[in-house]
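User: I should like to learn how to read several local features of a protein model. May we begin once the structure is shown?

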Amino acid sequence: MELQRREAEADLLEGLLAAALRGEVRAARLTGGSGTGKSTLLDGLARKAGHRGALVLSARASPAESRIPLGVVGQLLSAAGADAFQEAYEDVVTGPAAFHAALRGIAADRTVVVLVDDVQHMDEASARCLLHLCGRLVGHGVLLVLSGAGGTPLALPLAELLRHPRCVPVAAAPLDESGVAALLGATGVLDGDAARRCAPPWHRFTGGNPRLLRALVDDHRACAPVRTARPVAGTAFRRAVLDCLRGAGAQATAASHALAVLDEAATLTLLAQLLGIHERAVVPQLDALDAAGLLDGGRLRHAGVRAAVLEALPGPDTVALHLRAAELLYESGAEPLVVADHLAAAGVSASGRPGPEWAAPLLADAARRELRSGRPREAVRLLRTATGCAGGERRLRAEVRQLLARAEWETGPVAVPRFLGASEGQPAAGAQTAELLLWHGRPAEAADALLQDTEADGQGTPGTPEAAPGRRELERILGHVYPGAAARPPGPKAAGAAPPRGALPVLPRAAPHDGVPEAAERTLQALVYDHAPAPGVAAVLCAVLHAGETDRTGRWAELTEGVRALRGTPARLAAMAAVAAVVRVRTGAFADAARHARRALDLLAPEAWGVAVGVPLAAAVTAAAERGEPDEAERYLAVPVPEAMFTSRAGPQYVLARGRHQLAAGRPRAALGDFHACRDLLASWGVHPTGALDWRPWAAEALRSAQKRGEGEGDPAGRLSDAERRVAVLAAQGSTNRAIAARLYVTPSTVEQHLTRIYRKLRVTSRAGLTDLGLDCHGSG
């Protein structure tokens, strides 16, 4: 096919054939990169010679036979016929003169065309025979054409043969853009205009190598019926790259392996060091690869070529090259990320190789940079390699595990808990570990991690001026996310199992929530605008939980307006979607809230959310309740939630949403139980019920709904007289007998008598019982 663009070369060879047919002696050396069409030109010449009555003797040298004496000469003489071969071979071993005599006898009555392909692999004895022949065939019609890669250093006598004055040079250069357009048009894959338009990118993709172009055409046809005018490297292209490498020789192939491993870091010096040869010896190998169209600017042309080269490289060789490349780059002072990529590619931990002693610290440093740049998946890859390289340094191993847990959280928090346990008998420590413990509902361990990290660094106790600002910020977030960390244990949740009891760690801070609203909004801004460095795990958690409590609903709604178009890690995108869902509930956009909540739970499985799962679930349940979709709300309420959620600020949001669903579904008594559970949680933390967490209007509506049903048990105040009712409400609100007496202008004894009758009528025994009945939702009259 490429002969259509080889008119000049074909015409020159045909002219030499015509001279040989006239009885003259002619010789030519046909050079070009692997895959540039040399063999096709030889095949075309052989057909023309045969049609015109010449005897064609063909041979192809190969690396495997380069050390077999007279291997090429044997191929040539065998083509002349069995008898001629047997007679000549016995004489040829005596020297080049015998070969000359044998060929002269064959050419006595007809023209002989001798064609040798891949001449660079020819054995020395055959090269001597052809060199002897080249200057002595006078008066005989002989054409000798030697084809091979150009620019490759060759040993004598082959180098002398190719420099012989009788050898006319014929170069099979790569196709230019017009040649590529003609080839594409001739194949029929693109019409004339499209072929001319697409010729530049196809030329850049192949360097004009006809073999690579043919392979791209095959891949293009294989893409039917979905085809693109852009070049696509498929199976045929990869095979063609390997064919070109085989034609370029073993040394050029080794150079391609080194180039593929070094990639953008490749320099002539590094290549030579990686190959273990002198720099001068690298140049001819690069020339051979360039002639084959595989290079562009001294590097492999594109990722498709690199992938084909690496695919053919045996696994052990790949590991060894990457490890050696890492060592060379480290010694030359390359960027840690560049060195770390080679260590990870070598798989020094997975392969059982311990790696050099500097490997683990360098991998950890590179992983930190990837995390700061918002590339957690790359950080995970590096840290998994580092886990097997940390050696006996316990602190380094702990640091690597913390970093890995943080990176795993970014890509999928469900895998994180396995990194958070005590390691080697020592409790986990560090700010990063504390952040993750907060997310996964382990505040006591988070406080311990902060304390131990501070003591290990000799910086005093958390919360003191000597502690790092990051730790003070974490202490503040801990107080916001888990208000019980500075208060008595929370009360039980309603309509379900009780949350875990037990005192949380008390942290020494005066105002644990100072600055939390502003910090939460800054975190949301950082997520939306992709600020660097990205906010930490604890900051994201704080922003998600604070979304349901902020008074700046309009500002948060504005920030989350285009949240579906944002990019980021799964954890961050899920957090932003949860915030958007909660804010849309606050603004009454329940359809949008449902969509955002669904996306949040699709991005992260419920078990990956930790205690924050209550936030998107609460938004989803509330949106479903307000849209009259009770089955949808029940489906979300059936999602398992961690018990630790009810010790965090997500607990009241979830319980309040469940109560709103119960109320909308016509179950006011059950709803009242949830509203009271929300009340108890907030009261146990000393948190005032304001904003989205104000349960009181909903409890009042639940009571009114129960009263309308006419159920005696649904209207506890209906059993009381007006005077008793006023006393009961004030007592439920926590007023003492003396305060009630002063408020109602009666004596304390009268209050006591009223309370006795109230307790008997309502079947309760204390003020707490009155509160549970919801009497504190009514005015005192």
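Analyst: A polar contact is a pair of N or O atoms within 3.5 Å; within protein, one must be able to donate a hydrogen and the other to accept it, and residues adjacent in sequence count only if both atoms are side-chain atoms. Helices are DSSP runs (H or I, at least four residues), numbered from the N terminus. This is a predicted model, where local features need pLDDT of at least 70, side-chain atom pairs count only at pLDDT 80 or more, and totals for chains, interfaces and linings use all residues. Residues are numbered from 1 along each chain as its sequence is written, and side-chain values use heavy atoms, with hydrogens and water left out.

User: Which residue caps the N-terminal end of α6?

Analyst: Asp123 does, through a side-chain oxygen 3.4 Å from the backbone nitrogen of Ala125.

User: Why is helix α6 described as largely enclosed by the rest of the structure?

Analyst: Buried means under 20% relative accessible area (1.4 Å probe, protein chains only). Helix α6 (residues 124-134) is largely enclosed because 8 of its 11 residues are buried; among them are Cys129, Leu130 and His132.

User: How should the largest nonpolar core be read, and which members touch the most others?

Analyst: A nonpolar core is a set of buried Ala, Val, Leu, Ile, Met, Phe, Trp, Tyr and Cys residues joined through side-chain atoms within 4.5 Å. The largest has 94 residues, of which Leu438, Trp439, Leu541 and Trp609 touch the most other members. Its largest share, 13 residues, comes from helix α27 (residues 570-587).

Technical notes
Buried < 20%, exposed > 50% of the residue type's maximum accessible area, 1.4 Å probe, protein only. Helix = DSSP H or I, 4+ residues; strand = E, 2+ residues; numbered from the N terminus.
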